[in-house]
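Got your viewer open? Let's take a walk through this model, one selection at a time.

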Amino acid sequence: MKHLRVNRLPALPGPAAWNLLLGPAPVHAPLEGACTADIVIVGAGFAGLSAARRARQIEPGARIIVLEAERIAESSAGRNSGFMIDLPHELTSDDYAAPATDRTVIALNRQAIGFADAAVAEYQINANYFDRAGKLNGAASDAAHAHNESYAAHLASLGESCELLDRQAMKALTGSGHYRSGLYTPGTVMLQPAGYIRGLAAGLVREGVRLHETSPVTALTRESDAWRVETPGGRISAGRVILTVNGHLESFGFERGRLMQLFLYAVMTPELDRDALTRLGGRNRWGITPSDPMGTTVRRIDTGQGGNRIVTRTCATLAPGRRIGPGHVARAARIMQKKFDSRFPQLAGMKMEHAWAGHLCLTLNGVSVMRRLDDGLYSGCVQNGLGTTRGTLTGIGAAELACGMASDITRHFTAEARPKRLPPQPFQQIGANAVLRYKEWSARDE
């Protein structure tokens, strides 16, 4: 008998602001008592809900239960920047390119976007929450502009379209004179991430998938040919279990010492009034990722996505224990206030309404953990900072593995190497955070 006891549950400081913008959500009762299922999915983010949908497609009659430790869209799924990116976005690269795998990655990313697009149509999710608007790589310095030019040349070699924008065009689009240039790519979907996740959850429930919130899994035990899945209020016996918990895979005892547990931070303005909108100028929706991956992501949204607001995201902390405190958020919020003020001097000093942290997981060699872990136990985890697209892919792939199906997705991820081992502590935490601070300083204008 194999017994896995979970040693750490998710905990993220600050509100999931995207979720707050949508108002109260339907309540899905916690798991209580004992029951059976064919498939249990642990985690109701992009990976978990995608796994549930794919499993339902393959086995329409299967009894599927999804367990979420928090409320729907309160965890990392409601805390990201909402970029569902189709093109290469390698965070350890200077310009996001990873030439050896880029054509394969683009094809897979577009499968994920197509899967999500079909879910939007099938479940009648608000189209504002899935906006095929494309995105910009923003460059504030000559060095960052050179990254844009390098990336544009790489995309051209792949036959991918893009458009370089000059300073005037960037200001007309964003209202900010901060950027020297921008590189527009049309394939990115700009999500209202909490709205999309809520809609996906609602659609699955209508299809008969059982969903239980505030039901963290505390233990998994292999009994004969089934797994016993335990939560504080109940237990389930299931032949197949899919873990879609991203970096918390380590909490279940897998890949310890091989996963980089990072926290990123974001702030959001209050609703911009008519005067602020006039002073800001620019268009009402756009999204900028920095040309230097350690720079600052900025988005502007409108009433269809939760109000006329600007979201700023930057700063990172490595926390191997998967815990940070309010002080980390406060420090990052101070930095982001300065970055907001420098980008939008016409709105300088505007106090942010929300500040929060989100958890992501990276590996040194950029691989995910999408594979069979044990008899009847599967993983769709470790998204390498690309949770919306790669989370969708690993969720699909984990469901296909659990249902005995092979695809381009399963072949790609199961062929990946195991995550590389990290340096020992305390060198890992001290050294990595020192490097992060240096890179943040180097990319301070980006």
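Is Asp38 buried, partly exposed or exposed? Select it and see: Asp38 has 24% relative accessibility, so it counts as partly exposed. Keep in mind as we go that you're looking at a predicted model.

**Stop 1: Asp38 and its partner**

With Asp38 still selected, add Arg63. The two form a salt bridge, and their closest N and O atoms are 3.2 Å apart. This pair links distant parts of the chain: Asp38 belongs to strand 2, while Arg63 is in the loop between helix 2 (46-58) and strand 3 (64-67), 25 residues apart. Arg63 counts as partly exposed too, because its relative accessibility is 42%.

**Stop 2: one step along, to Ile39**

Now move to Ile39, which is also in strand 2 (residues 33-42). Ile39 counts as buried, because its relative accessibility is 0%. What touches it? Leaving out neighbours within four places in sequence, Ile39 is in contact with Ala55, Arg63, Ile64, Ile65, Arg240, Ile242 and Cys403. So Arg63 from the last stop turns up again, as one of the contacts of Ile39. Try a distance label as well: from the C-alpha of Ile39 to that of His28, 11 residues away along the chain, you should get 18 Å.

**Stop 3: the nonpolar cores**

Next, select Phe130 and Tyr196. These are the residues with the most contacts inside the largest nonpolar core, a set of 55 residues. Which helix gives the most to this core? Color helix 3 (residues 102-122): it supplies seven residues. Zoom in on Phe130, and beyond its close sequence neighbours (within four places) you'll find it in contact with Met84, Ile113, Ala116, Asp117, Val120, Val189, Met190, Leu191 and Tyr196. There is also a second, separate core of 28 residues, and Leu67, Ala238, Leu243 and Cys381 are among its members.

**Stop 4: two helices crossing**

Keep helix 3 on screen and add helix 9 (residues 389-402). Their axes come within 9 Å and cross at roughly 85°, so the two helices are roughly perpendicular to each other. To see where they meet, show Leu108, Asn109, Ala112 and Phe115 on helix 3, along with Thr389, Thr392, Leu393 and Ile396 on helix 9. The residues of this contact divide into five nonpolar, three polar and no charged.

**Stop 5: more salt bridges**

How many salt bridges are there in the model? The count comes to 21, and we'll visit a few more of them.

Select Asp374 and Lys2, whose salt bridge has its closest N and O atoms 2.9 Å apart. Asp374 lies in strand 19 (residues 369-374) and Lys2 in the segment before strand 1 (3-5), so this pair ties together parts that are 372 residues apart in sequence. Asp374 counts as buried, at 16% relative accessibility, whereas Lys2 is partly exposed, with a relative accessible area of 40%.

Then jump to Arg285 and Asp131, another salt bridge, with 3.0 Å between the closest N and O atoms. Arg285 is in the loop between helix 7 (274-280) and strand 15 (286-290), and Asp131 is in strand 5 (residues 130-131), so the pair ties together parts that are 154 residues apart in sequence. Arg285 counts as partly exposed at 22% relative accessibility, and Asp131 as buried at 19%.

For the last selection, pick Glu255, Arg258, Arg371 and Arg418, which are linked in a network of salt bridges.

Notes
Residues numbered from 1 in each chain as written. Predicted model: local features only at pLDDT ≥ 70, side-chain atom pairs only at ≥ 80, totals over all residues. Heavy atoms only, no water. Helix = DSSP H or I, 4+ residues; strand = E, 2+ residues; numbered from the N terminus. Buried < 20%, exposed > 50% of the residue type's maximum accessible area, 1.4 Å probe, protein only. Contact = heavy atoms within 4.5 Å. Core = buried A, V, L, I, M, F, W, Y, C linked by side-chain atoms within 4.5 Å. Axes fitted to C-alpha atoms, helices over the stretch in contact; angles between N-to-C directions. Parallel < 35°, antiparallel > 145°, perpendicular 65-115°, else oblique. Nonpolar A, V, L, I, M, F, W, Y, C, P; charged D, E, K, R; others polar. Salt bridge = Lys/Arg side-chain N within 4 Å of Asp/Glu carboxyl O.
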